[in-house]
Amino acid sequence: MFWVANGHNSIGRFYETYTSRGADCHTVKLPERQTSIEWFRPNPPLNGVRWCIRNNINYQQSALLIALNYMARNGRRYLDQFYRKGVRAVERGRAKDGPNAYHIPAGQPRAVEGANLVNLLRFHGIEVRRADRPFQAAGMDVAAGDYIVRLDQPYGPLAKSYFSKQDYGPDDPRPYDDTGWTLQYVRNVALHAINDTSVLRAPATLMTADARVKGQVTGVRAPAAYLIAPTTESGLIQFRFALRDVRMWASEDSFTVDRRTWGRGTTIVSAGDGADSRITQAAESLGLSVTGVRPAPQVARHELDVPRIALVHSWLNTQNEGWVRYAFDVLGIPYTYLSVQQLNKRDLLKQFNVLMLPYVSNNAQQIVNGLPMNGPPIPWRRTAETPNLGGVDSTDDVRPGIGLEGMTALSQWIDAGGVAITEGGTSAVFTDYGVTRGVDISPARQLRASGGIYRAVLKDGRSPIAYGYADTLAVYFNQVPLFQLDTSTDIPEDQDAGLTAEQARTRPRVVLSFHQKRDSLRLSGLLVNGEELAGRPAVLDAPVGQGHVVLFAIRPFWRWETQGSFALVFNTILNWNDLGVSWPAAPKPTARPVAAPDDGP
């Protein structure tokens, strides 16, 4: 509500309220860092005060009543200020120093995501227009149908806040939360600022309904196969699950059909068998561009086996995994919802091919061990006394974690061919408990990278996880983890080639890394001592027996903002059974002298 108000020419105030540890009362005893006066905590809690959950509720209710009463008594003043802010916003949008508008190409490769961004703006009351015909502004070519967000409108500053780069300095006040949120970066959408007042007079029509990209099927009649380019749009995984009975493959290399080049990771869809009309219907509804070809391309490929997915949550924290679950629900990706307490059930694990363990915390021991088993059980279950609890999941006791037995079962499931995906500091569950080899997490010493957007570079474009991605990508990262790889390359020159190849197969594969130059890392937000982050892995594929653990240092599903990173996870899911494709070869053996039998030490 704070952001909604301030972003829409109203006024918002944000204050922390000291909470309680549970239903019982206790005496406040906090460290200095939680009792200091900050911009978000002007009236900090006092140590020594006895506090209960009822105090917290009364405190907030009183604040709300006081605020509503003040607004009611000063309504005309606030309405006048609301109007004046709108007028000033219009004037700023017409200023010659700009920016005066934003241009979002409608025909960009991620056209559906571009349209979704436009619809988000419209949801917030921001006016969006579509160009009636081609024109130029500030040297920018605007095509007919492209989206134009003029800033000479009351909510122009909100659009500018979304699309501007956040420059958070090392001496600025301590951030409460994220420091960078530039939306076109994390959504991987092409967007251009226009500093030219002529754009305000360009022929464009105000949108009165949401943008919608209608897909199409083109190409030859009676095709042998259909092709879908790897654009990293979320519609591809939706397409796969919508047509789960139709065989599909991913190309392992680029190829050419009728003088058009198709990139690595192109989806090849089986034609015929009565599926053509369903393919057309799915493509149109999901905004996909599908091309029929004959004959089918002759290129190395692997089948996209439809996986069974488990989405796992911890009872310690369900807020962060909720963003992953929200993305899956919105996109209609089927999954079974499990808790970490069920990971010790081997027969249950056998029902799944892919297991997603989103971020819980940076404390691997707590995730595994759970909370101390002191006192009676703490249930989360719907009863006559607690009718609002339960719902999507329930337990008789929220305290147990994965447990050592659960870690053993999980490790064996991966070794047998399962794929586990995790993110952020929760990756330590797999590195600290010995599930993965050759990967460690280094502590941050002086690094300050508080919820910002950073430049990552593609390290292994042949990995199926990277299909469709360009050489660089804007990613969201928040301080941890800092992955460290075992980079030893001491391979004897006379070692058996088969053994060397097997050793290479067990080495983690770096798919994406943070930019190697500190000064090229930050795109938006805060970065101090970036040399600690530069060059480190951002996405890792660690082989475990026949399976894989895919570790994300970044947070690919952060708060429904990071759609540009979604496909890194969706590619992992779609290619779960073939992540070992084009695995990197071992480093070249090193020649080293071997002591003669009579030389001695």
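## Close-up views of helix packing, a sheet and two residues

**View 1. Helix 2 and helix 3 are roughly perpendicular to each other.** Roughly perpendicular here means an angle of 65 to 115 degrees, whereas angles under 35 degrees count as roughly parallel, those over 145 as roughly antiparallel and the rest as oblique. The model is a predicted one, in which local features need pLDDT of at least 70 and side-chain atom pairs count only at pLDDT 80 or more, while totals for chains, interfaces and linings use all residues. Residues are numbered from 1 along each chain as its sequence is written, and side-chain values use heavy atoms, with hydrogens and water left out. Helix 2 (residues 53–73) and helix 3 (residues 75–93) pack at about 80 degrees, and their axes are 4 Å apart. Axes are lines fitted to C-alpha atoms, for helices over the stretch in contact, and angles run from 0 to 180 degrees between N-to-C directions. Helices (H or I, at least four residues) and strands (E, at least two) are DSSP runs numbered from the N terminus. Helix 2 contributes Tyr-70, Met-71, Ala-72 and Arg-73 to the contact, and helix 3 contributes Gly-75, Arg-77 and Tyr-78 (contact: heavy atoms within 4.5 Å). By class, this contact has four nonpolar, one polar and two charged residues. Ala, Val, Leu, Ile, Met, Phe, Trp, Tyr, Cys and Pro count as nonpolar, Asp, Glu, Lys and Arg as charged, and the others, Gly among them, as polar.

**View 2. Asn-56 is a buried residue of helix 2.** The relative accessible area of Asn-56 is 6%, so this residue counts as buried (buried: under 20%; exposed: over 50%; partly exposed: in between; 1.4 Å probe, protein chains only). Residues up to four places away in sequence are not counted, and Asn-56 then touches Thr-17, Tyr-18, Thr-19 and Trp-51.

**View 3. Helix 9 and helix 15 cross at roughly 70 degrees.** The axes of helix 9 (residues 319–331) and helix 15 (residues 563–574) come within 13 Å. The crossing angle makes helix 9 roughly perpendicular to helix 15. Ala-327, Phe-328 and Leu-331 of helix 9 meet Phe-566, Phe-570 and Ile-573 of helix 15. Six nonpolar residues, no polar and no charged ones make up this contact.

**View 4. Six strands form an open sheet with mixed pairing.** The strand order is 10-16-11-15-12-17. Strand 10 (216–219) and strand 17 (301–303) are the edge strands, each pairing on one side only. From one strand to the next, the twist averages 30 degrees. Strand 11 (residues 225–228) pairs with strand 15 (residues 267–270) in the antiparallel sense over four bridges (pairing: at least two DSSP bridges between two strands). Within this pair, Ala-225 has Ser-270 as its bridge partner. Strand 15 also runs antiparallel to strand 12 (residues 248–251), to which three bridges join it. In strand 15, Ile-268 is the bridge partner of Trp-249, and Thr-267 is that of Ala-250.

**View 5. Arg-130 lies in strand 4 (residues 129–131).** Its relative accessibility is 29%, so Arg-130 counts as partly exposed. Neighbours within four places in sequence are left aside, and Arg-130 is then in contact with Ala-106, Gly-145, Asp-146, Tyr-147, Pro-203, Ala-204, Thr-205 and Met-207. A polar atom of the Arg-130 side chain lies 2.8 Å from the backbone oxygen of Gly-145. Arg-130 and Phe-557 are 427 residues apart in sequence, and their C-alpha atoms are 30 Å apart in space.

Note on methods:
Polar contact = N/O pair within 3.5 Å; in protein donor to acceptor, adjacent residues only side chain to side chain.
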